[in-house]
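Colleague: I have a few minutes before the group meeting. Can you walk me through this one?

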Amino acid sequence: MFVHLHVHSSLSPGWGVLAPEAICAEAARLGFDTLAITDRNGLYGVPRFLDAAREAGIAPIIGTEAVTEQNRALLLASDQEGYANISRLLSDLHCEKGFDLCGALTRYRRGVVILSDDARLLSKLKAASADRLFVELSPGHDMHRALALSRDLGLPPVATARALVRAPHLEVQSPARGGADLCDFHLHRVLRAIHLNTKLSRLTPDLTGSASDALYGATQMADFFPHCPHALENSARIAAMCRREWDFSTTIFPAFRELNNDDAFATLKSRARTGAVWRYGVIDEKVEARLGKELAIIRDKGFAHYFLVVEEITKQSQRTCGRGSAAASLVAYCLGITHVDPIRHNLFFERFLNEGRSDPPDIDVDFPWDERDAILDFAFARYGARRAAMVANQVGFKGRSALREVAKVYGLPDCEIKEMTERVSGFWRPEQTAAAMSEHPLFQGESLSPDWLEIVATARRLNGQLRHLSLHCGGLVIVPDEIRRYVPVEISHKGLPVIQWEKDQAEDAGLVKIDILGNRSLAVIRDAMAAVKEQTGVEIDYASWRPLEDERTRSLMRRGLTIGCFYLESPSVRLLLRKIWSSTAPPETFDADLFEVLVQASSIIRPAANSFIQEYVSRMQGKKWEHLHPLLEGVLGETLGIAIYQEQITQIAMELAGFSASEGDQLRKVITKKHKEKRLADFRAKFVAGGTERGVSAPVLAAIWEQILSFAGYSFCKPHSASYALLSAKAAYMKANHPAQFMAAVISNQGGYYSPFAYISEGRRLGLAILPPDINESEYHYLGKEKTLRIGLMQIDGLTREGAKRLFKERRDGGCYASFADFLRRSGVQRADAERLVKAGCFDALEGVERRPALLWELLHFQQQDAALLFEHKTALPKAPPYDAETVLRQEVEALGFLASRHPLSLYKAQWQRHRPIRAAELIKHSGKWVTMVGWWITTKMVEDKHGRPMEFVSFEDVTAIFDATFFPDVYARFCRKLSQRRPYLLKGVVEEEFGVATLRVKWVGFLGENG
């Protein structure tokens, strides 16, 4: 006759230890069939808890422990109204200054069962009503005082365990000292120390839970309460009061302009048909049939309001990119939400919405990154914070951050923590043991200290623990009535309301989110187009723009010269493009639809698809092939018999194994999301059975299943890739035809795959002259004009925004600065900003580089004396000798972060010429040969080979081109400690050619300057 009503999961920030799944499994093992999870000040894991409880055969009770500095109470929902009231109360707790728990419980009492040992709170609440009010008794928490309080107030006692850990918990044991594992309670103490920003050694008992706060069995609980058995019985009585069957599956749509469902659908239908005429000129049979099919599903699913709301938000910007599975919708295309024709490009609508789909899909729309806040402001102004909120990211402890935080509370010095975390930054993952970490080549010949062994073990356990909420990169939820009745709301650092659930739980609870995302490439294209219009008068019509009809653009993309072009600029994608259209490719490859190939190439780049990538390129280059089974011809015909897009999982399952669209979509979701193992076996059995029934052989089914598994984790659907491929093509057009304006926009928007130095180098390869920052010629952002790229003042390290604003305002109002003295007189910038401008070379054109030391003396004197005395009486200053060339270059690197006046390798020319390296631009000419090369580090990617050994792909550049180098495990193990970034590398190895593209297989690494 006992039920656990007070249990904390790992979604109690800074408090709980065990995941909801682990708690439910442990409760079932102990024989319980009912359980409450009551995380602190939140319902952070309710949908996840309900799923876990269902899986474990547990009846779930929803509740929370509300804790303030003054009061504490356990709140359980007896019904739907009680859940809504708990959600409202928690929202007030997080959003209102001076929140009073007693007063809030008076307002939100209906449907809520209250347990507490807080005398003030209980007395105040009892004065209003003693109904559903209990005194909480817990082992290790002064039960005698609580029992006396129960008698004094005449309120029934109830037994709880305030469960944090499994029971019986172990003594603290460290793997470094021979123990089996770190106990749950030790992990709780670590979490508390991190939360309180203190060391474990300073953590007092009053700041943590009790060692007796455990998930005990019913018999163990009875042993704690021989004097008060009715407290145990009351736990079961309370459980009976509470709702234990919860259904969060009902989709909760926003309401568009207070229209009813019929009027909303009629409005959507009218707008879709008008949009179809805008897109196609005339509605033919194909368009009519597709529109009718989609609108029928949208009507039946009640999605009309959602489409209209998204359309309204999308129209607030001139340049958007609707993407994700929604780009398969003709209705979305006709409304202007998306921009890729789903009929022309054969996009599968059922990936987005189908008759059997129970969970709500969302529509993702990208806006220029610097316009996103204004879009959100519009949405909140239109719908109000009462109806709208952002989706959360539930930020947990991951990788290096977990190691760092644990090491801090263990009291290790900052320098040691920094050295360790920097060393493991490229490879360590929380699932790796300390032993596996110490075996990495970066730790060759070393052994981890006992402290670090324990820290690594603890950091592994921290993985997945909720730390705090942040804003999801785009998710906006709008409901028709009041958001706080569905989920508690907090206020983010940016001042926006944010729900306590992340995107998956929000979706599981029926909340339909709209992803309003910031995209830097849209801003790059916008800014480059604006610069071209301002300088040349040429205006590009964005709506009717067909970038791939331009031959320069087509050539640039086929050669993989796509650095700066969003979605196509990573080394792996550029290498793939070069392989597809290399000199060894047959003419028919060049005749293929370029857009379709771009979509395929950007989609097939995923971690588990390496073997399929090789086969894909072979087939693109003319290799003969056949479908694994004739039934797949309609599904995989456009992708050369290889599964490339997520929705092809659904289509394969439908064609080959008789799945419905809904079942196929469920398989797709299981493959591409986490926690899939237990359901995957069931789907595989169904897939094999269905395929066998259709006469498909076991080897063919196994081969196809292997392709399906390659979509695990990181993969895309075709509509998403097609949307981004169109955006990439527009970026490529600007690069091919307006390189100066394009590269300026890329660096100014501070996005992209590479560093500003890499983009500066790319500008040089495009024939642009790199101009230094200049006090009269530079703007804050980079400027591209004709064949020049001028560095913006934004690049100067440490220059304040306020200082930049001052000097630009004065320059606009009073004209260009005539001299450094004129600048000091007029600009009013601070001394530190003026020093940075001098050292960055901003006055070299006015005063000459040799005058830099003298300018700093003038600045110092100006700061110390009245300006009138300095300039009218011509105070004599010391005659400082000019800096030597080395000092000037060093100042350039310090000010800008890189060498801009020349390629850094040019400084080592005398040294590298002795080694007679080959030029990167001529790498292909040396295929199969042993060569020497020089290179400057650009970017890297750490991977593991099939045996789990670390290796690395690194992109270098010399003064002629970028080249890709591979460090296989044996070479990586020898040289990994030398692979820092900003150094001139000397590389020896073998040139390997594949599909007409050359890379360097590194055998030896050195540095220019070593031993001469």
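**A buried alanine, then the rest**

Modeller: Ala 66 is buried, with a relative accessible area of 0%. Keep in mind that this is a predicted model.

Colleague: Where is Ala 66 found?

Modeller: In strand β2.

Colleague: And what does Ala 66 touch, leaving out residues up to four places away in sequence?

Modeller: Ala 66 touches Asn 41, Asn 71, Arg 72, Ala 73, Leu 75, Leu 89, Leu 93 and Leu 101. Take Leu 101: it is 35 residues from Ala 66 in sequence, and the two C-alpha atoms are 7.9 Å apart.

Colleague: Which strand is joined to β2 by seven bridges?

Modeller: β1 is, and the two run parallel. Strand β2 spans residues 59–67. As one example of facing residues, Asp 39 stands opposite Thr 64 in β2.

Colleague: How many residues of β1 are buried?

Modeller: Six of its seven, so to speak of cover, the strand is mostly covered. β1 takes up residues 34–40.

Colleague: What unit do β1, α2 and β2 make?

Modeller: A right-handed β-α-β unit. Helix α2 covers residues 46–56.

Colleague: Switching to cores. How many residues are in the largest nonpolar one?

Modeller: It has 132. Leu 35, Leu 89, Ile 499, Leu 511 and Phe 967 have the most contacts inside it. Helix α7, residues 184–196, gives the most to this core, with six residues. Apart from it lies another core, of 109 residues, among them Leu 576, Ala 722, Tyr 724 and Tyr 733.

Colleague: Back to Phe 967. What is it in contact with, leaving aside neighbours within four places?

Modeller: Met 951, Glu 952, Val 954, Phe 956, Tyr 972, Leu 979, Leu 987, Val 1002 and Val 1005. Glu 952 is also the bridge partner of Phe 967, which sits in β21.

Colleague: How do β20 and β21 run?

Modeller: Antiparallel, joined by six bridges. β20 is residues 950–957, and β21 is residues 962–967.

Colleague: What do the five strands close into?

Modeller: A barrel, in the order β19-β20-β21-β23-β22, with mixed pairing. Neighbouring strands there are turned by 50° against each other on average, direction ignored. Helix α22, residues 571–580, packs on the sheet. It touches β19, β20, β21, β22 and β23, and its direction makes about 140° with that of β23.

Colleague: There's an open sheet too. What is its strand order?

Modeller: β16-β18-β17, three strands with mixed pairing. β16 (769–771) and β17 (783–785) stand at the edges with a single partner strand each, so one side of each is left without a neighbour in the sheet. The average turn between neighbouring strands of this sheet is 20°, direction ignored.

Colleague: In what sense do β17 and β18 pair?

Modeller: Antiparallel, over three bridges, with β18 at residues 788–790. Leu 783 has Arg 790 in β18 as its bridge partner.

Colleague: New topic: backbone oddities. What is the phi of Asn 346?

Modeller: Near 55°, a positive value in a residue other than glycine. Most residues other than glycine have a negative phi. Tyr 567 is another case, with a positive phi of about 80°.

Colleague: Are those two buried or exposed?

Modeller: Asn 346 is exposed, with a relative accessible area of 52%. Tyr 567 is buried, at 17%.

Colleague: And where do they lie?

Modeller: Asn 346 lies in the loop between α13 (330–334) and β10 (363–368). Tyr 567 is in the loop between α21 (551–558) and α22.

Colleague: One more residue. Is Ser 827 buried or exposed?

Modeller: Buried, with a relative accessible area of 6%. Ser 827 is found in helix α35, residues 820–827. Not counting residues up to four places away in sequence, Ser 827 touches Arg 806, Leu 807, Glu 810 and Tyr 817.

Colleague: Last thing. What is the mean pLDDT of the protein?

Modeller: It is 91, and 96% of the residues reach 70 or more. Over residues 169–181 the pLDDT is below 50. That stretch has 20 contacts in the model beyond near neighbours in sequence.

Conventions: Residues are numbered from 1 along each chain as its sequence is written. This is a predicted model: local features need pLDDT of at least 70, side-chain atom pairs count only at pLDDT 80 or more; totals for chains, interfaces and linings use all residues. Side-chain values use heavy atoms; hydrogens and water are left out. Two strands pair if DSSP finds at least two bridges between them. Helices (H or I, at least four residues) and strands (E, at least two) are DSSP runs, numbered from the N terminus. Axes are lines fitted to C-alpha atoms, for helices over the stretch in contact, and angles run from 0 to 180 degrees between N-to-C directions. pLDDT is the predictor's confidence in each residue, from 0 to 100. Contact means heavy atoms within 4.5 Å. Buried means under 20% relative accessible area, exposed over 50%, partly exposed in between (1.4 Å probe, protein chains only). A crossover is right-handed if, with the strands pointing away from the viewer, the path from the first strand over the helix to the second runs clockwise. A nonpolar core is a set of buried Ala, Val, Leu, Ile, Met, Phe, Trp, Tyr and Cys residues joined through side-chain atoms within 4.5 Å.
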